[in-house]
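Subject: Structure for you to look over

Hi,

Here is the structure I promised to pass on. Please open it alongside this note. My findings follow below.

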Amino acid sequence: MIAFFIWLLIGIAFISYGVYAFFSKKAVPFGFWANAEVFPVKNVRAYNRAVGRLWCVFGVVLALLGIPLLQGQNTPGVIVSVLGTMIAAIAAMAVYVLVIERKYRNK
């Protein structure tokens, strides 16, 4: 039960960051990759909204993937959480690179 709540808190943190990026009025684009500069962006506000939406969706998926932890940490259902998180992270990276970066990169 404790593991699920920790998992849920991490999902809520991603959702919170996504909401912050989505509603940000800053003229600075939010980054996706850790410790990397953001490429030159055409429309910063639209880019931040897209990145915020991506983080919110990832946070919700992550929170839902934690549901098998309610059965206990040593149950076979935990493999769904672990593998699902890996797949969701790879999907988020693919969406960022193939959709968001391609759409908003200043050429």
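I start with the contacts. Among contacts in the chain with a separation of 6 or more, 65% join residues 24 or more positions apart. Keep in mind that this is a predicted model.

Overall layout

The chain has three helices and zero strands. Read along the sequence, the pattern is α-α-α. The C-alpha trace spans about 50 × 25 × 20 Å along its principal axes. The chain has 107 residues, and 36% of them are buried. The exposed area of the chain is about 6,900 Å², with carbon and sulfur atoms supplying 72% of it.

One pair of residues illustrates the separation in sequence and space. Ala-13 and Leu-62 sit 49 residues apart in sequence. In space, their C-alpha atoms are 11 Å apart. Ala-13 belongs to helix 1, which covers residues 2-22. With a relative accessible area of 45%, Ala-13 is partly exposed. That follows because the value falls between the 20% and 50% cut-offs.

The core

In soluble globular proteins, nonpolar side chains tend to be buried together. Here, the largest nonpolar core holds 17 residues. Tyr-47, Tyr-96 and Ile-100 touch the most other members. Two elements give two or more residues to this core: helix 2 (44-65) and helix 3 (78-104). Helix 2 provides the largest share, nine residues.

Tyr-96 deserves a look of its own. What is Tyr-96 in contact with, leaving aside its neighbours within four places in sequence? The list is Phe-32, Trp-33, Phe-39, Tyr-47, Val-51, Leu-54 and Glu-101. Tyr-47 therefore appears twice in this account: as a contact of Tyr-96, and among the residues that touch the most other core members.A buried asparagine

Asn-48 is in helix 2. Is Asn-48 buried or exposed? Its relative accessibility is 1%, so Asn-48 counts as buried, the cut-off being under 20%. A polar atom of the Asn-48 side chain lies 2.8 Å from the backbone nitrogen of Phe-30. Phe-30 is also one of the residues in contact with Asn-48, once neighbours within four places in sequence are left aside. The others are Ala-21, Phe-22, Lys-26, Val-28 and Pro-29.

The salt bridge

How many salt bridges does a search of the whole structure find? It finds one. The partners are Arg-105 and Glu-101, whose side chains meet at 2.4 Å, N to O. Side chains of opposite charge can pair when their charged atoms come close. Arg-105 is partly exposed, at 32% relative accessible area. Glu-101 has a relative accessible area of 17%, so Glu-101 is buried. Glu-101 is also in contact with Tyr-96.

The surface

There is a nonpolar surface patch of about 600 Å². Its residues are Trp-33, Ile-90, Met-93, Val-95, Val-97, Leu-98 and Val-99. Take Leu-98 as an example. Leu-98 lies in helix 3. Its relative accessible area is 48%, so Leu-98 is partly exposed. Trp-33, another patch residue, is in contact with Tyr-96.

Best wishes

Technical notes
Residues are numbered from 1 along each chain as its sequence is written. This is a predicted model: local features need pLDDT of at least 70, side-chain atom pairs count only at pLDDT 80 or more; totals for chains, interfaces and linings use all residues. Side-chain values use heavy atoms; hydrogens and water are left out. A nonpolar core is a set of buried Ala, Val, Leu, Ile, Met, Phe, Trp, Tyr and Cys residues joined through side-chain atoms within 4.5 Å. Buried means under 20% relative accessible area, exposed over 50%, partly exposed in between (1.4 Å probe, protein chains only). Helices (H or I, at least four residues) and strands (E, at least two) are DSSP runs, numbered from the N terminus. Contact means heavy atoms within 4.5 Å. Patches are made of residues with over 30% relative accessible area and no salt bridge: like charges are joined within 9 Å, nonpolar side chains (Val, Leu, Ile, Met, Phe, Trp, Tyr) within 5 Å. Accessible areas come from the Shrake-Rupley method with a 1.4 Å probe; for residues, only the protein chains shown count as cover. A salt bridge is a side-chain nitrogen of Lys or Arg within 4 Å of a carboxyl oxygen of Asp or Glu. A polar contact is a pair of N or O atoms within 3.5 Å; within protein, one must be able to donate a hydrogen and the other to accept it, and residues adjacent in sequence count only if both atoms are side-chain atoms.
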